[in-house]
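Visitor: I'm new to this one, and I'd rather see a single part well than everything in a hurry. Please pick one chain and talk me through how its helices sit together and where it meets its partner.

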Amino acid sequence: MSEDHTDASRVETPGRGLSVEGVTVTYAGAALPAAVNDASFEVHRGEVVALTGPSGCGKSTLLRAIAGLEPLAAGRVAWDGENLASVPPHRRGFGLMFQDGQLFAHMSVAKNVAYGLSAQRAPKELREARVAELLELVGLPDYGSRAVTELSGGERQRVALARSLAPGPRLLLLDEPLSALDRALRERLAMDLAALLRDTGTTAILVTHDSAEADLVADRVLAMRSGRLAP
Amino acid sequence: MSPKRLVPGHLWWVFATALPLAFLVCFFLWPVLSLIAVGFGIGGAATGGATPGIGGFVEVFAQERTWRVIGQTLAQAVCGTAISVVLGLPAAFVLYRLEFAGRNLLRGCATVPFVLPTVVVGVAFTALLGPGAPLGWLGLDQSFLIIVLALAFFNVTVVARTVGGFWSQLDGRTEQAARMLGASPARVFFTVTLQRLVPALASSAALVFLFCATSFGVVLVLGGRSFSNIETEIYRLTVQYLDLGSAAALSLVQFAIVAAVLVVSSRLRLRLEQANQMRFDSGQAMRVARTHLPALICFGLTALLLHALPILALVLRSLRDGTGRFTLVNYRNLFAPPADARLNGSVIDAAALSIGIALIATSIAMLLGLLVALVASRRPRSGLLRRGLHAFDGVVMLPLGVSAVTVGFGLLLTMHQPFGIGIDLRTSVVLLPIAQALVALPLVVRTLLPVLRGIDVRQRDAAAMLGASPLRVLRTIDLRVLARPLGLALGFAFATSLGEFGASAFLVRPGAQTLPVMVSQLISRQGAENYGMALAAAVLLGALTASVMLLAERWRGKVASEI
């Protein structure tokens, strides 16, 4: 699934891309209100959609539900019309970038970026070329042999982005990717991220509480309040 | 994990759970339960002493001696734990909060006392404090105090390492805030630091209590006629009087104590893990200052008087003959025992056999421990599965507290043509590594599990989102992180197997003695020559375990173990 997803034709026909239909996520055994309540929206191929809202509104939970990391209490998540209920996270072909990167501390930068490619059993030459290409893309060429622990906060998030992009996900899920960084760095990286997503034609959902960031990066912004999507 | 996602790795997990469970059921639960059943006259007549059945049970508890033994066990455990905590706290501070040359070396050495075989420490304490010993005039031979001190010898380092690992990660700014509010250093320690250390202190104290309450070798060697505990009493009843009824009743009492402590300890451990999960800035180690003097003195005295002095006395006395002259004759006798020693083979033969058996036991314990740790570190969504895992974790910990003597005797009882197989396992030496692996297994699990539980769940999520299958996640995340504590776990497993005494005492065969059993036999015999050989053999055994542990220490990375 390397090139075909990123370069696939971006004809916006209905049902082409992600559809989220009436998704509800509840916390196990709790009488709490649902974390996500009856959420429905679509993301067309090549489109970047932002999910915004105050912290605790359920936007990250919705993102994890789309990834397959949270079980659905109701509703369905589909790609190109195919229901993903029985597809485990690692077979969905989605990428997820975490707020704090979640880089693997026991691997070098290059090994981190190559992780998804190794899981696909890509040949070594292709892996190395792709790692070099992506590190170049995120502005960190020649960082391959470094230890993850030596990196600054901004560099870590760049590596995390390169790592999520490397396997060529058909949908990239970004969970507050810049919020752990300081303001100046955040603004610069937001611009880089917007350009990068556009240049690679990546379909993406960006979760953020920063509406300026959402406007800058996304084609369309959805607002979320206490578990519900604003109409 | 949703049930759906469990399916691909499903079979693997079933296997990883079933194998350790089957091992424990066959070689632990079944022998122990049948020993108790026989004691109550179920499925076979009880021999000797008490009448079988519930009547016998009542009879045992009507005896004053039973209550005295239970009382002594609890008193020894309480005092041993108290001393360990009181001496362990300054040691934790010095080893984990201060910075000085040689600190890492000292930290490494701190694992050694815990794994030294109980017979070695017992012999070392008598070499220092026994009759005719350098400090024999203190009159501590066969006293309550000498037992409690020997228990503290093992367990001070358990407290120091558990509490120290936690302490080293405490963010010092809370203390600084208290200082800025006008509190003196002592006040800050008692009102802030000590309170924050409570989860670690309580968790290690529960574990130490368990070790103290079930100690066998120490009490057997040092207690003499006047002091015993439940463990040595079970040994005495079964071996000397064949009174299985009373032994079974005492086993049940021990079960009850152990189960209660395990429940309390797992609650406390949970609290410690929760406290650990709070994100700490790793605390700054401090340079030594004058205010640290009380802690330094206390640590120095502990290390010198409690740990170094008995070992030194052991080594020095092993180098002397009956008349007090320096000689190597005791060591020569290890290779070629004197004709009148009536030993089955030389001590060196026993050492070689011990090493071989310990290697097998280590392999078993490592394999099973790895599986248990992997299974127990899962966090399933289903409440039922989570409770199941909790129970699984508890069952695996049982051998930590259940009398090794009971296990050894139970194995002897049940492994005559087990499961209808026409082989009498008792006549071969297979049961030795199995019993040793049982004792080592909980230590392996307690070393590996915290590291696995420390992995952020989202690391596995991140790997899965990059397309890694559950098995691949296991291999590239879990197993990679496990590489660090593996050396320490190996060291624990090998050292405890090598020094195992309680169960091995039942299972050794003529011509197939292990080193600890040989030492205990030599020490109970008459004559300066035998005593000298016992001392030299104890030095050999101690040196073997200590060097294994120090090697393992060098191999491991920075790992906080729970032991």
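Guide: A quick word on names before we go in: a helix here is a DSSP run of H or I at least four residues long, a strand is a run of E at least two long, and the numbering starts from the N terminus. Bear in mind, too, that this is a predicted model.

Let's stay with chain B and start at B:L270, which sits in helix α12, residues 244-277 of that chain. Is B:L270 buried or exposed? The answer is in between: B:L270 has 13 other C-beta atoms within 10 Å, so it counts as partly exposed, since buried takes 20 or more and exposed means 12 or fewer. If you want a feel for distances, try B:P134: B:L270 is 136 residues from B:P134 in sequence, and their C-alpha atoms are 46 Å apart in space.

Now for the interior. The largest nonpolar core has 169 residues, and the ones touching the most other members are B:V123, B:A124, B:V444, B:A537 and B:A538. Helix α15 of chain B, residues 347-376, is the top contributor to this core, with 18 residues. Take B:A537 as an example: beyond its neighbours within four places in sequence, B:A537 is in contact with B:L334, B:V347, B:L515, B:M518, B:V519 and B:L522. Another core, of 75 residues, lies apart from that one, and its members include A:F104, A:L178, A:L189 and A:M224.

Next, two pairs of helices. In chain B, α13 (residues 293-318) and α23 (residues 528-555) have axes that come within 8 Å and cross at roughly 125°. That angle makes α13(B) oblique to α23(B), and their crossing is left-handed. Where they meet, α13(B) brings B:L314, B:V315, B:R317 and B:S318, while α23(B) brings B:G532, B:L535, B:A536, B:A538 and B:V539. Sorted by class, this contact has six nonpolar residues, two polar and one charged.

The other pair is α18(B), residues 431-453, and α20(B), whose axes come within 8 Å and cross at roughly 150°. The two are therefore roughly antiparallel, and α18(B) passes α20(B) in a right-handed crossing. Among the residues making this contact are B:V439, B:L443, B:V444 and B:V451 of α18(B), along with B:L482, B:L488, B:F492 and B:A493 of α20(B). By class, that contact comes to 14 nonpolar residues, four polar and two charged.

α20(B) also takes us to the partner chain. The contact between the chains uses 20 residues from chain B and 22 residues from chain A. On the side of chain B, the elements giving two or more residues are α1 (3-39), α19 (457-465) and α20 (470-499). Which of them gives the most? That's α19(B), with seven residues. By class, this side of chain B has seven nonpolar, five polar and eight charged residues.

Let's finish with a look at α19(B) itself. Its buried residues are B:R460, B:D461, B:A462, B:A463, B:A464 and B:M465. They pack against α2 (59-67), β6 (94-97) and α3 (109-119) of chain A, and against α20 of chain B as well. After α19(B) comes B:G467, which has a positive phi, near 95°.

Note on methods. Residues numbered from 1 in each chain as written. Chains lettered and ligands numbered in written order. Predicted model: local features only at pLDDT ≥ 70, side-chain atom pairs only at ≥ 80, totals over all residues. Contact = placed C-beta atoms within 7 Å. Nonpolar A, V, L, I, M, F, W, Y, C, P; charged D, E, K, R; others polar. Core = buried A, V, L, I, M, F, W, Y, C linked by C-beta atoms within 7 Å. Axes fitted to C-alpha atoms, helices over the stretch in contact; angles between N-to-C directions. Parallel < 35°, antiparallel > 145°, perpendicular 65-115°, else oblique. Left-handed = near helix turned anticlockwise from the far one by under 90°.
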